[in-house]
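Please open the structure in your viewer and keep the selection tool at hand, since this tour moves from one selection to the next and says what is found at each stop.

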Amino acid sequence: MAASPKAVIEAVKGNAFVTREGRTEKLSAGDYLYDFDEVFSEVGSQVTFADYYDHKYHMSGSGYVSILNKIIELKGGYLWVQTQQPSASHFHIQTVNATAAYSRGEFIISYDQDSGKTQLLSIDGTHLFSNNENNFLKEEVSAGKFSFVSEKYENGAPRVPTPIGASTYSSVVSLYDGIKPLDKQSDVVEDIARVQLEKTAIPSAGRNIASTPAADSSSAGTVIILKKTPMEDREDKLKAFYKNQISSMEKKYKKVPKKFKPDYSTKSEVAIKVYRVPSSSSRVPASVDSKTQKKAARMPASMTELNPQVEISNDAFEKSLIDQYKKQMRHSNEINSLIKDLKSYDQDYKQAY
């Protein structure tokens, strides 16, 4: 029984999602809903699903419901319920603080998460509207009237059903695109406006006390009070869903870096010019090992040849000056000879030993 579907998606406008066993998936027409599935819609979206008891449910944008057997928990937004055929058993729409029991007709129920207020608008038929914690606090909401349950109003007791105006009814119905009441023979808007203008003097029966049984209470069934659990944020679920979608798309369309490899199979039309190095250049070609080249001996500063850097002219005065300049050495000829011998010995030692 747990694996059997409880409802089926008939239409989806916009984006709607279902959370099942920790996974969030996008919904489309024809998908099945099972027990404990959580369905929520984006802003401006609309979802229509039907159970196997001839009931249709229209969830507006920013709606949030949980699917159970014969019970739908409304956690946020608006839900329009339509019954195709009367049923002997009662079904329930439950919020955190209120429950609507129905066997026929249609109504719109809403729950505001910020204020904790549950509202019920009856379009056709009479529906039992009660407080979850104190089920003796209940009201019967007939067609064209609405009621609400709030902890700030009379300790959570449902408000006495009040006729609703045509403008208010139109604003609520306008939340749905293409959804009309099942009773097409009468104009529901005119009926609601007429009921409001009549101002009937008959006082309302008010709330039933604990000792007074409500109408059809024997067949009303048992209301199951669900344990209050902290509601998960729909935005977190949407972020997780889209994050998974983006991650899968990144893996699918991941760009692989391609390393460039030159191809020499085809010849290009680029001209290649080779220039020959002149033989008189002092540059050593790359093909010649520098180690095989003869290493020139470094001369000390005192052994530098004192060649004149100017051209010698035939002038007797300049010639005499150059001769005297050559004779002005740092060391004597004996010391210079010894320096040359030592340099020669040092080179021989490195090459021979």
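What is the relative accessible area of E25, and does that make E25 buried, exposed or partly exposed? In this predicted model, the relative accessible area of E25 is 35%, so E25 counts as partly exposed. Keep E25 selected and add R23, whose side chain meets that of E25 in a salt bridge with an N to O distance of 3.7 Å. R23 has a relative accessible area of 43% and is therefore partly exposed as well.

Select next E38 and K75, whose side chains form a salt bridge at 2.9 Å, N to O. This pair links distant parts of the chain, with E38 in strand β5 and K75 in strand β9, 37 residues apart. Both E38 and K75 are buried. If you now return to the earlier pair and add E21, you will have E21, R23 and E25 together, which are joined into one network by salt bridges that share partners.

For another charged pair, select R20 and D37, where the side chains meet in a salt bridge of 2.8 Å, N to O. Here too distant parts of the chain are linked, since R20 belongs to strand β2 (residues 16–20) while D37 lies in the loop between β4 (32–33) and β5 (38–41), 17 residues apart. R20 and D37 are both buried. Over the whole structure, a search finds eight salt bridges.

Leave the charged side chains and turn to the nonpolar interior, selecting L33, F49, L79 and I93, which are the residues with the most contacts inside the largest nonpolar core, a set of 29 residues. Strand β9 (residues 71–83) gives the most to this core, contributing four residues. Centre the view on L79 and display its surroundings: leaving aside residues up to four places away in sequence, L79 touches Y57, H58, M59, I72, L74, I93, F107, I108, I109 and Y176. A second core, separate from this one and made of twelve residues, can be picked out through W80, F146, V172 and Y176, which are among its members.

For the last stop, show the molecular surface and select Y32, Y52 and Y53, which make a nonpolar surface patch of about 340 Å². Within this patch, Y52 is placed in the loop between β6 (46–51) and β7 (55–59). Y52 counts as partly exposed because its relative accessibility is 49%, and the cut-off for exposed is over 50%.

Note on methods
Residues are numbered from 1 along each chain as its sequence is written. This is a predicted model: local features need pLDDT of at least 70, side-chain atom pairs count only at pLDDT 80 or more; totals for chains, interfaces and linings use all residues. Side-chain values use heavy atoms; hydrogens and water are left out. A nonpolar core is a set of buried Ala, Val, Leu, Ile, Met, Phe, Trp, Tyr and Cys residues joined through side-chain atoms within 4.5 Å. Buried means under 20% relative accessible area, exposed over 50%, partly exposed in between (1.4 Å probe, protein chains only). Helices (H or I, at least four residues) and strands (E, at least two) are DSSP runs, numbered from the N terminus. Contact means heavy atoms within 4.5 Å. Patches are made of residues with over 30% relative accessible area and no salt bridge: like charges are joined within 9 Å, nonpolar side chains (Val, Leu, Ile, Met, Phe, Trp, Tyr) within 5 Å. Accessible areas come from the Shrake-Rupley method with a 1.4 Å probe; for residues, only the protein chains shown count as cover. A salt bridge is a side-chain nitrogen of Lys or Arg within 4 Å of a carboxyl oxygen of Asp or Glu.
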